[in-house]
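Here are some friendly notes to read with the model open beside you. Take the points one at a time, and look for each named part as you go.

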Amino acid sequence: MPTTPERLVFQQSFEGLIRALGDHLDEPCARQLRDAGIDPRGKLAVAYPLEVWVESLKLASSVLAPAATLDDGAEVVGRRFLEGYGSTLIGSALLAGVRLLGPHRMLERMTRNLRTGTNYLEARLEQTGPTRYVLTCRPVVIAGFYRGLFSAGLEMSGAHGASVVLMRAAGDAAVYDLSWLPEKSAGKPPEAKPLPPRGPQPRS
């Protein structure tokens, strides 16, 4: 009987998590991360077990949003994860093109990138309207992380009024509704009303 391969999260995901922590990564936080199985001050391994990622994400959530629930704190981590990626040399070059890509192509690219960050995550994107998609991810342990990740991505791509809502979580799957305002509704200035025609001017 074939054995199920160990679920692994690759190095780049932990690099993003460390960048998301930023100045909050003090020595007590670093010590807690080492207890979880990752040394943020040392050389990162190529991959870590899923359990190490989950514990590290929980810790980052509690550090960045101590008063929030785990899911809401993880949303903060997800947003800062993408913003931090943009501060790197490679990330800044990639994210510079995100606005040129627009939200549709950005979502396709980000969904594809999600599948390369681990050896287990499945991500399926389905367009359900002109500016609406349904994203299904599995397996998902902390759903708020992807909510923050995709919210930040949509905003960076120029999507106005971006919304990412967890529609349902069933088993290990999380289903999100992603939407934004159509171009014509996205802060378009009102058209100027034409001036009334001027009649003949009186002679002086």
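1. Let us begin with a pair of helices. In this predicted model, α3 and α4 are roughly perpendicular to each other. The angle behind that word is a crossing of roughly 95°, and it counts as roughly perpendicular because angles from 65 to 115 degrees do. The two axes come within 8 Å, and helix α3 covers residues 50–64.

2. Which residues make the contact between α3 and α4? From α3 come Trp53, Leu57, Lys58, Ala60, Ser61 and Leu64. From α4 come Leu70, Gly73, Ala74, Val76, Val77, Arg80 and Phe81. Sorted by class, this contact has 9 nonpolar, 2 polar and 2 charged residues. Try picking out the two helices first, and then their side chains.

3. Now step back to the whole chain. The protein chain has 204 residues, and its secondary structure comes to 7 helices and 6 strands. Reading from the N terminus, the order of elements is β-α-α-β-α-α-α-α-β-β-α-β-β. Of the residues in the chain, 41% are buried. Among contacts with a separation of 6 or more, 62% are between residues 24 or more positions apart. Keep this in mind when you meet pairs that are far apart in the sequence.

4. Next, empty space. Rolling a probe the size of a water molecule over the atoms shows where empty space is left. The largest pocket holds about 610 Å³ of space. Its lining has 26 residues, and those nearest the centre are Phe81, Leu82, Met110, Asn113 and Leu114. Phe81 is worth a second look, as it also belongs to the α4 side of the contact with α3.

5. Which elements give two or more residues to the lining of the largest pocket? They are α1 (11–21), α4 (70–85), α5 (89–96), α6 (98–114) and α7 (144–156). The largest share, 6 residues, comes from α6. By class, the lining of this pocket divides into 17 nonpolar, 7 polar and 2 charged residues.

6. There is an enclosed space as well. The structure holds 1 cavity of 30 Å³ or more, and the largest cavity has about 80 Å³ of space. Around this cavity sit Leu50, Trp53, Val54, Leu57, Tyr120, Pro139, Val140, Val141, Ile142, Phe145 and Tyr146. Two or more lining residues come from each of α3 and α7, and α3 gives the most, with 4 residues. The class count for the cavity lining is 11 nonpolar, no polar and no charged residues. Trp53 and Leu57 line the cavity and also take part in the contact of α3 with α4.

7. Pro139, one of the residues lining the cavity, deserves its own point. This proline is placed in the loop between β4 and α7. A cis peptide bond joins Arg138 and Pro139, with omega at about -10°.

8. Is Ser13 buried or exposed? Ser13, in helix α1, has 12% relative accessibility and so counts as buried, because the cut-off for buried is under 20%. Leaving out residues up to four places away in sequence, Ser13 touches Trp53, Phe81 and Gly117. Two of these names are familiar: Trp53 and Phe81 both appear in the contact between α3 and α4.

9. Compare Ser13 with Thr116, in the loop between α6 and β3 (122–129). Thr116 is partly exposed, at 45% relative accessibility. Thr116 and Ser13 are 103 residues apart in sequence, and their C-alpha atoms are 9.9 Å apart in space. Beyond its neighbours within four places in sequence, Thr116 is in contact with Phe10 and Gln12.

10. Finish with Val134, in strand β4 (residues 132–138). Val134 is buried, at a relative accessible area of 14%. Which residues does Val134 contact, leaving aside its neighbours within four places in sequence? They are Arg124, Leu125, Glu126, Thr128, Met167, Val175 and Tyr176. Val134 and Ser179 are 45 residues apart in sequence, with 8.8 Å between their C-alpha atoms.

Terms used: Residues are numbered from 1 along each chain as its sequence is written. This is a predicted model: local features need pLDDT of at least 70, side-chain atom pairs count only at pLDDT 80 or more; totals for chains, interfaces and linings use all residues. Side-chain values use heavy atoms; hydrogens and water are left out. On a 1 Å grid over the protein atoms alone, a cavity is a set of points where a 1.4 Å probe fits but cannot get out, and a pocket is an open set with protein on both sides within 12 Å along at least five of seven lines; lining residues have an atom within 4 Å of a point. Grid points are joined across faces, edges and corners, and a volume is the space filled by probe spheres set on the points. Ala, Val, Leu, Ile, Met, Phe, Trp, Tyr, Cys and Pro count as nonpolar, Asp, Glu, Lys and Arg as charged, and the others, Gly among them, as polar. Axes are lines fitted to C-alpha atoms, for helices over the stretch in contact, and angles run from 0 to 180 degrees between N-to-C directions. Angles under 35 degrees count as roughly parallel, over 145 as roughly antiparallel, 65 to 115 as roughly perpendicular and the rest as oblique. Contact means heavy atoms within 4.5 Å. Buried means under 20% relative accessible area, exposed over 50%, partly exposed in between (1.4 Å probe, protein chains only).
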